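User: Hi! I'm new to reading protein models, and I'd like to know where the labels come from. Can we go through this one together?

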Amino acid sequence: SFHDSQIVPKWLFAKGMLALCLCLIPFMQLCLRSRQRKRKRLNVHYLYMLVLFLCGLQALLGIGQALHGLPSHSGFWISGSFDNPAGLASCLCIALPFVYPFSQSRKKGIRLISYILTVCMVTTICLSGSRAGILSLLVVVGYMYYPCFRSFRTYQKTGVMLVLVVVMGVAYFTKKDSADGRILIWKCTWEMIKERPITGYGVGAFQAHY
């Protein structure tokens, strides 16, 4: 029923998420102002657990679709509840850092659950085939474990860099035509941004000027 079924729903969803974040700000302030450190950690962890619960369901849904046990209504073989695998991959990449505090817990059960969640999310990101999602995954993991990387020896750092180069090369050559098309889109779009960086061309005018 939308006049633009590809863009308008996402635009409305983004506005809804912005409103939700604004509503959560007072709650977060209450958490941060809590006098008891233990209570503050618990309050923040409740939000973490909510994010991980929802994204864990997304990961399981994606794996179920990949195994043909659950239907996908997007036209792609795996997309979670999104209309594109890239949406599923980006969602899981954003959620992955929320696992880290639980992976450092002293309780074995919590650590085990965090490891299972990590495996499920990483597996789903790889199964999605989203190159942007896989590269984002590498960036997120690199940021989370950068302190460990700093303590690596020279040959270990070299090995990690080689793996990154290989992954990026495979990501490019797997869908070379698509990657070249993206680069062309970036170049053309950049030219448009340089012409009107502030005002743009108006709603619905991108395609014509592009």
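Analyst: Sure. Let's start with isoleucine 113, which sits in helix α5, residues 108–128. Keep in mind that this is a predicted model.

User: Why is isoleucine 113 called exposed or buried, whichever it is?

Analyst: Set its value against the cut-off. The relative accessibility of isoleucine 113 is 52%, and exposed means over 50%. So isoleucine 113 counts as exposed. As for its surroundings, its C-alpha atom is 8.4 Å from that of serine 103, and the two residues are 10 apart along the chain.

User: What makes serine 79 buried or exposed?

Analyst: Serine 79 has a relative accessibility of 1%. Buried means under 20%, so serine 79 counts as buried. You'll find it in the loop between α2 and α3. Leaving aside neighbours within four places in sequence, serine 79 is in contact with Gln65, Ser72, Ser74, Asn84, Pro85 and Leu88.

User: And how do you know which class lysine 15 belongs to?

Analyst: Lysine 15 comes out at 46% relative accessibility. Partly exposed is the class between the 20% and 50% cut-offs, so lysine 15 counts as partly exposed. It belongs to helix α1, residues 8–32. From lysine 15 to asparagine 84 is 20 Å, C-alpha to C-alpha, and 69 residues in sequence.

User: Let's try rings. How many aromatic pairs are there?

Analyst: The search of the whole structure finds two. In one of them, the ring centres of tyrosine 48 and phenylalanine 98 are 5.1 Å apart, with the planes at 90°.

User: What makes tyrosine 48 and phenylalanine 98 a pair, and what kind of pair are they?

Analyst: Two checks. Rings pair if their centres lie within 6.5 Å, and these centres are 5.1 Å apart. Planes over 60 degrees apart count as edge-to-face, and with planes at 90° this pair is therefore edge-to-face.

User: Which parts of the chain does that pair tie together?

Analyst: Tyrosine 48 is in helix α2 (residues 37–66), while phenylalanine 98 is in the loop between α3 (85–95) and α4 (100–103), so the pair ties together parts 50 residues apart in sequence. Tyrosine 48 is partly exposed at 24% relative accessibility, and phenylalanine 98 is partly exposed at 26%.

User: Why is the pair of phenylalanine 206 and tyrosine 210 called what it is?

Analyst: The centres of those two rings are 5.3 Å apart and the planes are at 20°. Planes under 30 degrees apart count as stacked, so this pair is stacked. Phenylalanine 206 is partly exposed, with a relative accessible area of 42%, and tyrosine 210 is partly exposed at 39%.

User: Where is phenylalanine 206, and what is it in contact with?

Analyst: Phenylalanine 206 lies in helix α10, residues 206–209. Leaving aside neighbours within four places in sequence, it is in contact with Thr189 and Met192. The C-alpha atoms of phenylalanine 206 and threonine 189 are 9.0 Å apart, with their positions 17 residues apart along the chain.

User: Now cysteines. How many disulfides does the structure hold?

Analyst: Zero. A disulfide is a covalent bond between the sulfur atoms of two cysteines.

User: How do you know how cysteine 126 stands on that score?

Analyst: Look at the distance. The closest cysteine sulfur to that of cysteine 126 is in cysteine 93, at 9.2 Å. A disulfide needs the sulfur atoms within 2.5 Å, so 9.2 Å is too far for a bond. Cysteine 126 is partly exposed, with a relative accessible area of 43%. Cysteine 23, at 57%, is exposed.

User: What makes histidine 68 worth a look?

Analyst: Its phi is positive, about 65°, although it is not a glycine. Most residues other than glycine have a negative phi. Histidine 68 lies in the loop between α2 and α3. Its relative accessibility is 67%; exposed means over 50%, so histidine 68 counts as exposed.

User: Last one: what does the secondary structure of the whole chain come to?

Analyst: The chain has 10 helices and zero strands. Of its 210 residues, 23% count as buried.

How values were computed
Residues are numbered from 1 along each chain as its sequence is written. This is a predicted model: local features need pLDDT of at least 70, side-chain atom pairs count only at pLDDT 80 or more; totals for chains, interfaces and linings use all residues. Side-chain values use heavy atoms; hydrogens and water are left out. Helices (H or I, at least four residues) and strands (E, at least two) are DSSP runs, numbered from the N terminus. Buried means under 20% relative accessible area, exposed over 50%, partly exposed in between (1.4 Å probe, protein chains only). Rings of Phe, Tyr and Trp (its six-membered ring) pair if their centres lie within 6.5 Å; planes under 30 degrees apart count as stacked, over 60 as edge-to-face and the rest as tilted. Contact means heavy atoms within 4.5 Å.
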